[in-house]
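Grab a pencil and work through these exercises with the model open beside you. Try each task before you read its solution.

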Amino acid sequence: DSPLLLKEATNVFKFYASGRRYCHGLLATLELKSRHDLISRLFNSVVPCKDEISFEVYMNDEAMDHIVFAMARKKAAKTMHKELRDLQRFGGMVPSPGGRKWVTEELAVVSESKEVAGDMITDVVLDQVFGDKSFEKFGKYFISMHFSDQHPGKHRKMLLFKFALPDIKHMDDMVRLIALIPYYIDLIGRYKLSSQARNKTDGAR
């Protein structure tokens, strides 16, 4: 039997999972700060860096409508918008809408349309992670989310999640973040744009 965790480099490990509707599978990459040599340890003490885990979900073609959406802390979101081709081409920074709950002020949203942004930011995720109170408690390890049907690469329809990893004693703090992955697979798998928004996205593509 092949091992579940594949070592790709001294500090990089990958594992693959499949078997959920709406997607081909998921690839998780653990990128740990280097601990194997003295120079790395000295560098980490001067420039602190975190262990990170990222998840790539490969959606089935028929299970993802026209969606280009990302969310991260404000500075990181601006960088993503500037540097990632699909966000640059299709996305725009979405201002906080009046009259409804929205993500905490620490976060910024990039989306192809206000409709998509509003439909992705549900009351469930605001209550669980991204609202003011919940983010303070459960969002400290959140780095970014990026959903796109125009991903440049082999898999065009992808959901990308990136989180920092706590130390082993605080792994329970990750539960709500990890729960976002199956939640969004199902949400996006069932999601359909309105005809008005679809006409705009058809034109853009």
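**Exercise 1. Count the charged side chains in this predicted model and find how far apart the centres of the two sets lie.**

Step 1: The protein chain carries 32 positive side chains and 27 negative ones.
Step 2: Take the centre of each set, and you'll find the two centres 2 Å apart.

**Exercise 2. Work out how the radius of gyration of the protein chain fits the globule rule.**

Step 1: Start with the elements: the chain has eight helices and nine strands.
Step 2: Its radius of gyration is 18 Å, and the globule rule gives 17 Å for 205 residues.
Step 3: Those values are close, so the chain is as compact as a globular protein of that length.
Step 4: For the overall dimensions, the C-alpha trace spans about 60 × 40 × 30 Å along its principal axes.

**Exercise 3. Describe the surface and the contacts of the protein chain.**

Step 1: The chain exposes about 11,800 Å², and carbon and sulfur atoms supply 54% of that area.
Step 2: Now look inside: buried residues make up 47% of the 205 residues.
Step 3: Take the contacts between residues at least 6 apart in sequence; 62% of them join residues at least 24 apart.

**Exercise 4. Decide whether strand β7 is enclosed or not, then find its partners.**

Step 1: β7 covers residues 107–111, and five of its five residues are buried, so the strand is largely enclosed by the rest of the structure.
Step 2: Check which way the residues point. Leu107, Val109 and Ser111 go one way and Ala108 and Val110 go the other, yet all are buried.
Step 3: One partner is β5, which pairs with β7 in the antiparallel sense over five bridges. Here Ala70 stands opposite Val110.
Step 4: Another partner is β6 (residues 92–94), also antiparallel to β7, with three bridges. In this pairing Gly92 stands opposite Ser111.

**Exercise 5. Do the job again for strand β8, residues 142–148.**

Step 1: Six of the seven residues in β8 are buried, so this strand too is largely enclosed by the rest of the structure.
Step 2: β5 (residues 68–73) runs antiparallel to β8, and five bridges join them. Look for Met71, whose bridge partner in β8 is Met145.
Step 3: β9 (residues 158–164) pairs with β8 over six bridges, again in the antiparallel sense. Phe142 has Phe163 in β9 as its bridge partner.
Step 4: Put the pairings together. β5 pairs with β7 and is joined to β8 as well.

**Exercise 6. Is Phe13 buried or exposed, and which residues does it touch?**

Step 1: Find Phe13 in strand β2, residues 12–17.
Step 2: Its relative accessible area is 18%, and buried means under 20%, so Phe13 is buried.
Step 3: Leave out residues up to four places away in sequence. Phe13 then touches Leu5, Leu6, Lys7, Glu8, Ala28, Thr29, Leu30 and Leu32.
Step 4: For a distance across the model, go from Phe13 to Asn199. They are 186 residues apart along the chain, and their C-alpha atoms are separated by 42 Å.

**Exercise 7. What is the phi of Tyr22, and is this residue buried or exposed?**

Step 1: Recall the background: most residues other than glycine have a negative phi.
Step 2: Tyr22 isn't a glycine, but its phi is positive, at about 80°.
Step 3: Tyr22 has a relative accessible area of 18%, so it counts as buried.

Methods
Residues are numbered from 1 along each chain as its sequence is written. This is a predicted model: local features need pLDDT of at least 70, side-chain atom pairs count only at pLDDT 80 or more; totals for chains, interfaces and linings use all residues. Side-chain values use heavy atoms; hydrogens and water are left out. Helices (H or I, at least four residues) and strands (E, at least two) are DSSP runs, numbered from the N terminus. The radius of gyration is taken over C-alpha atoms; the globule rule is 2.2 Å times the number of residues to the power 0.38. Buried means under 20% relative accessible area, exposed over 50%, partly exposed in between (1.4 Å probe, protein chains only). Contact means heavy atoms within 4.5 Å. Accessible areas come from the Shrake-Rupley method with a 1.4 Å probe; for residues, only the protein chains shown count as cover. Lys and Arg count as positive and Asp and Glu as negative; His and the chain ends are not counted. The place of a charge is taken as NZ of Lys, CZ of Arg, CG of Asp or CD of Glu. Two strands pair if DSSP finds at least two bridges between them.
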